[in-house]
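Got the model open in your viewer? Set it to cartoon, keep the selection box handy, and follow along.

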Amino acid sequence: MQIVAADDAGYLAPEGEDQSVRPLPSSGATAREGRVSILYINLERSSDRRMAMNDQFRALSLSAARIEAIDGRELSPDQVARCDQDARRRRRDTALTSNEIGCFLSHRRAWETIARSGKSTLVLEDDVALSDDLPDLLRRLSADPPAPHFIRMGGNRRRRSLFAGELSERYEIRLLLSGCSGSHAYWLTPAGARALLAASGRFVEAVDVFLDHYWNSRGIMYAVQPWPVELRDDASSSTIGDERFRLECSLRRSETMVAGLMRWCLRQRRSLIRRWWSAKTCVAWSAKHGGRSLKPMGGLWLRPLSTRRWTRVG
């Protein structure tokens with residue numbers, strides 16, 4: 001499997017992130033980390049989702065370990081304090097909800113497990129539908145691990161992307177130009193887990209936004225396309241989504257014109273930052289492959305795959 005990388009030597013760190021955490025180097029150590037394991041995050045009270053996940057694992061002959069999710073209804077004061085709500089309001093003008101905090105801390109539990117295990121791992125939430133192709137994809141990732149430390153296996157939005165490598169006849173690894181939201185399925189190495197833990201001692205975003213910002217700002221947001229993991233129909237009943245929707249509706253009903261203008265300005269600022277990250281990725285990619293013929297991919301004119309297994313830009 002060949003992978004082509006954009007430049008990760010310099011980056012714009014998201015606001016509020018530990019500036020001492022540098023981009024990860026491409027790692028030959030991934031090949032020595034053993035087979036890909038599977039973790040899924042599940043609340044103790046969500047027994048129906050747990051049963052549905054176990055049924056899918058059995059049907060695909062996969063084994064997985066359960067990470068007990070942290071319940072947003074039962075957060076301790078120390079857990080609540082892990083979220084910097086003051087910085088959050090400066091950035092978003094709304095606080096993180098208790099369920100969003102619990103979700104973030106649950107993913108941190110998974111990252112801690114991966115960092116200790118030394119194994120590259122597929123992390124899943126408990127409201128997903130697994131493709132029949134997933135076992136084969138995991139075998140390919142395990143047999144010939146790619147250099148990226150983080151690969152999205154599912155997302156909520158379609159984004160423009162650059163071709164980075166062929167995983168099978170049907171699936172490609174692509175470099176996303178912007179975040180696609182969702183934290184329900186991703187592949188993570190131990191080195192990637194350690195970097196995420198170091199950058200999230202205190203956090204200001206929901207976990208899916210944090211993942212988008214962390215990897216996209218470095219120009220190394222990879223994804224398997226098409227998605228081998230999708231959200232199930234019952235994912236729409238998520239307590240996190242319901243709580244966020246009620247909060248946003250309440251805010252819009254009560255906000256003044258000045259507050260509405262401030263929210264609009266904050267959205268535009270975030271949009272400009274994301275466009276800057278995308279532009280950096282495209283420029284670095286194009287600079288590395290200059291002088292080669294162009295071909296259209298995903299709505300953009302891109303250069304074809306390099307012949308090298310892993311190529312740094314710059």
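Here is a walk through some helices, a few single residues and the cysteines.

A little housekeeping before you click. This is a predicted model, so local features here need pLDDT of at least 70 and side-chain atom pairs count only at pLDDT 80 or more, while totals for chains, interfaces and linings use all residues. Residues are numbered from 1 along each chain as its sequence is written, and side-chain values use heavy atoms, with hydrogens and water left out.

**Stop one: α7**

Select residues 207-216, which form helix α7. Helices here are DSSP runs of H or I with at least four residues, strands are runs of E with at least two, and both are numbered from the N terminus. Is α7 largely enclosed or not? Of its 10 residues, 9 are buried, so the rest of the structure largely encloses α7. (Buried means under 20% relative accessible area, exposed over 50%, partly exposed in between, with a 1.4 Å probe and protein chains only.) Show side chains for the buried set, which includes Asp208, Asp212, His213 and Asn216.

**Stop two: add α6**

Now add residues 190-199, helix α6; its axis lies 12 Å from that of α7, at an angle of about 110°. Axes are lines fitted to C-alpha atoms, for helices over the stretch in contact, and angles run from 0 to 180 degrees between N-to-C directions. That makes α6 roughly perpendicular to α7. (The bins: under 35 degrees is roughly parallel, over 145 roughly antiparallel, 65 to 115 roughly perpendicular, the rest oblique.) For the contact itself (heavy atoms within 4.5 Å), pick Gly192, Ala195, Leu196 and Ala199 on α6, then Phe210, Leu211, Tyr214 and Trp215 on α7. Colour by class and you get 7 nonpolar, 1 polar and no charged. The scheme takes Ala, Val, Leu, Ile, Met, Phe, Trp, Tyr, Cys and Pro as nonpolar, Asp, Glu, Lys and Arg as charged, and the others, Gly among them, as polar.

**Stop three: bring in α4**

Select residues 98-117 for α4, which packs on α6 at about 135° with the axes 8 Å apart. That makes α4 oblique to α6. On the α4 side, look for Arg108, Trp111, Glu112, Ile114 and Ala115; on α6, for Pro190, Ala193, Arg194, Leu196 and Leu197. Which classes turn up in this contact? It has 7 nonpolar, no polar and 3 charged residues.

Keep α4 and swing over to α7: the angle is about 55° and the axes are 9 Å apart. Again, that makes α4 oblique to α7. Here Cys103, Phe104, His107 and Trp111 of α4 meet Val207, Phe210 and Leu211 of α7, giving 6 nonpolar, 1 polar and no charged residues.

**Stop four: two single residues**

Jump to Leu176, in strand β8 (residues 172-176). Leu176 is buried at 3% relative accessible area. Leaving out residues up to four places away in sequence, Leu176 touches Arg152, Arg160, Ser161, Asn216, Met221 and Ala223. Draw a C-alpha distance to Asp212: 9.8 Å, across 36 residues of sequence.

Next, Arg73, in the loop between β3 (65-68) and α2 (77-81). Arg73 counts as exposed, at 63% relative accessibility. With the same sequence cut-off, its contacts are Arg45 and Asn99.

**Last stop: cysteines**

Select Cys83, buried at 3%, and Cys180, buried at 1%. How many disulfides are there? The count is 0, taking a disulfide as a pair of cysteine sulfur atoms within 2.5 Å.
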